[in-house]
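Student: Hi, I'd like to talk through a pocket in this protein. Could you pull it up?

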Amino acid sequence: LRCWSNIPFITVPLSRTHGKSFAHRSELKHAKRIVVKLGSAVVTRGDECGLALGRLASIVEQVSMLQNQGREMMIVTSGAVAFGKQRLRHEILLSQSVRQALHSGQSQLKDMAIPVLEARACAAAGQSGLMALYEAMFTQYSICAAQILVTNLDFHDEQKRRNLNGTLHELLRMNIVPIINTNDAVVPPPEPNSDLQGVNVISVKDNDSLAARLAVEMKTDLLIVLSDVEGLFDSPPGSDDAKLIDIFYPGDQQSVTFGTKSRVGMGGMEAKVKAALWALQGGTSVVIANGTHPKISGHVITDIVEGKKVGTFFSEVKPAGPTVEQQGEMARAGGRTLAALQPEQRAEIIYRLADLLTDQREEILLANKKDLEEAENKGRLALPLLKRLSLSTSKLNSLAIGLRQIAASSRDSVGRVLRRTRVAKDLELEQVTVPIGVLLVIFESRPDCLPQVSALAIASGNGLLLKGGKEAAHSNQILHHLTQEALSTHGIKDAVQLVNTREDVEDLCRLDKLIDLIIPRGSSQLVRNIQKAAKGIPVMGHSEGICHVYVDADASVEKVTRIIRDSKCEYPAACNALETLLIHRDLLRSPLFDQIIDMLRVEQVKIHAGPKFASYLTFSPSEVKSLRTEYGDLECCIEVVDGVQEAIEHIHKYGSSHTDVIITENEETAEFFLQHVDSACVFWNASTRFSDGYRFGLGAEVGISTSRIHARGPVGIEGLLTTKWLLRGDNHVVSDFSEHGTMKYLHESLPLPQRNTN
């Protein structure tokens, strides 16, 4: 037995049969029994008089959704005092107005002062209305709710504790949501947090301690504490240096400074943390989050259960390495140091990485073999993705050549002067290239992407976060190790970070304070998901690679089959592979058309007929389901057009603005096509597969962008740079250039410094 305020009560044992708390956010989706604690600031309106009905309805909807998934939900709620205060104020105003009208006989009422309302009376008046509101809301989702009022004494009496435990278990068994609150109508005044000085005991004096006590008593998997702040900060929220703590570990509370408590309610953040730690040691996972923010309150509970990075997660397991936030800060610091190096030093790092790729080829191929074996054993990758995952000696040699091209072309990339202007006498302006900052590159099944992107980031002076697919974990690990070894040449290995934590891609896309640009490399679905998830961070890339080849009536017989074969069959999984073949109508039933079909059959390319093409055939191949399809395999669509204009219109309607080709000997038709097709890459008599940074002479690429802002097409070093303006003056002020000032604007263009072309 332990004692607090001279009242004995039983300490809840810390070892529980249902196991330890979850170690990682990603495990929260397995939570079966969940307590949601709604703070006063969440339930009440801003004027503290009445309930925030819209917010409450959203919370009920989320709880109902989880309950209907088969989970066991419990709510610890505040709000009775605020609801009662609203009712009592209304009654007092009504009573005063009647009395005043009777005594004065006047129709004009004087200002009426409302007395201070006692909290217990407000609670008594508000409990029934609050519960009626919950019942009405839950009824909309065919869920029954039940009310339970408790006090601290109910936990001190062993028989009462057993009764409470049995009641709650029976309600959960019947799929009823228990709604629990402290019985504020009879509860004693709040006392100091003396019982919270340690985490072995806890007494119920507010809904934070009640929720923690209940969570442990009921062997709950997860406790969600909703308040009016985003979570736990390392200093009071609102201060300049305050940072949200993603994961909080026992023992960290000494490094945290607590601010004032919320605008309403009895508990502050310090009480919430102590209650959370007590529940955590009892085996219940805890998340403290904001339940009032209009942008997230509609899905905050479901987001937490899905394992998304919301609020502060309490965990007893510290990760072995740095958090992704720490990695982002390390990448930014390393990137700034990298940008300050001399161009020759950055090139030296890339040359070293190129040498390591060939010197350590055996170790790289051994790691890649492990990835391939695991992928094949699990059967989780399609053949095109297995091809992307595979590395070979020739691939590593090509990578090394590409990296040396990057090193050679990077010598004047950062700090290059693009424009010089003499604004006025002794006032000169320069526009110079600078790194973008920190890049997040997310890639699937492409370990060769890691050294390519790393080299481009090093050449452009950017910090880099890399998130690779788990199917290439062994390959990525050794390639990243070699990249950091090369960076160590100048002591900046932290500039390139490989994210190995369990962060979901969606969570990474929310780190707008750490990441300046996201570049996805992978399937169209991955790119679309990232574009949707990115909050305030620009995304560079293309969601699809629907590339067209148009065979004109004046096409050369010798060129057509070679270009089509290379575009479709050389690497069908690539984003720059042919997906739709457009044939001029006059070529149907011609020897050239027969040669095209025969070649595709020999290469085992499955043909899908477009609507117009199908109409010309008695027995046609399977008609295409959509003309906007990226097959990524030995499949393609064939469609018929009347001429170059219709081909262009088709490309604009169904294409993805990636790469489109015309095959013709008519120069006028070719130039019309080149000028009018609005894609990132437009070719004449050349394979779509030339759309590549290495083949363009960029050394490598971070991806191919179909965006119309900033970089477009294969993105090399130039696409990873932005600019800043440098103004050098001598005691210049704007007032000197006014109508009666002594100076005049010149705006003269000045010659640029000689570029280093060696």
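Tutor: Sure, and keep in mind that this is a predicted model. In the lining of the second largest pocket, the largest share comes from α14, with 6 residues.

Student: Which other elements give two or more residues to that lining?

Tutor: Besides α14 (393-409), they are α13 (383-389), β16 (517-521), α18 (524-533) and β23 (703-705).

Student: And how many residues line the second largest pocket, and which lie nearest its centre?

Tutor: The lining has 46 residues. Nearest the centre of the pocket are R446, R521, Y571, A574 and R689.

Student: What does the lining look like by class?

Tutor: The second largest pocket is lined by 17 nonpolar residues, 17 polar ones and 12 charged ones.

Student: Which domains does the lining draw at least three residues from?

Tutor: Domain 2 (324-533) and domain 3 (548-701) each supply at least three.

Student: How much space lies in there?

Tutor: About 1000 Å³ for the second largest pocket.

Student: OK, switching to the whole protein. How many helices and strands are there?

Tutor: The protein has 23 helices and 26 strands.

Student: What share of the residues counts as buried?

Tutor: 53% of the 758 residues.

Student: And the accessible surface, what does that come to?

Tutor: About 34500 Å², with 51% of that belonging to carbon and sulfur atoms.

Student: Last one: among contacts with a separation of 6 or more, what percentage is between residues 24 or more positions apart?

Tutor: Those pairs account for 75% of such contacts in the protein.

How values were computed. Residues numbered from 1 in each chain as written. Predicted model: local features only at pLDDT ≥ 70, side-chain atom pairs only at ≥ 80, totals over all residues. Heavy atoms only, no water. 1 Å grid on protein atoms, 1.4 Å probe; cavity = no way out; pocket = protein on both sides within 12 Å on 5 of 7 lines; lining within 4 Å. Points joined across faces, edges and corners; volume = space filled by probe spheres on them. Helix = DSSP H or I, 4+ residues; strand = E, 2+ residues; numbered from the N terminus. Nonpolar A, V, L, I, M, F, W, Y, C, P; charged D, E, K, R; others polar. Domains from an automatic or database assignment. Buried < 20%, exposed > 50% of the residue type's maximum accessible area, 1.4 Å probe, protein only. Contact = heavy atoms within 4.5 Å. Areas by Shrake-Rupley, 256 points an atom, 1.4 Å probe, with all protein chains shown as cover.
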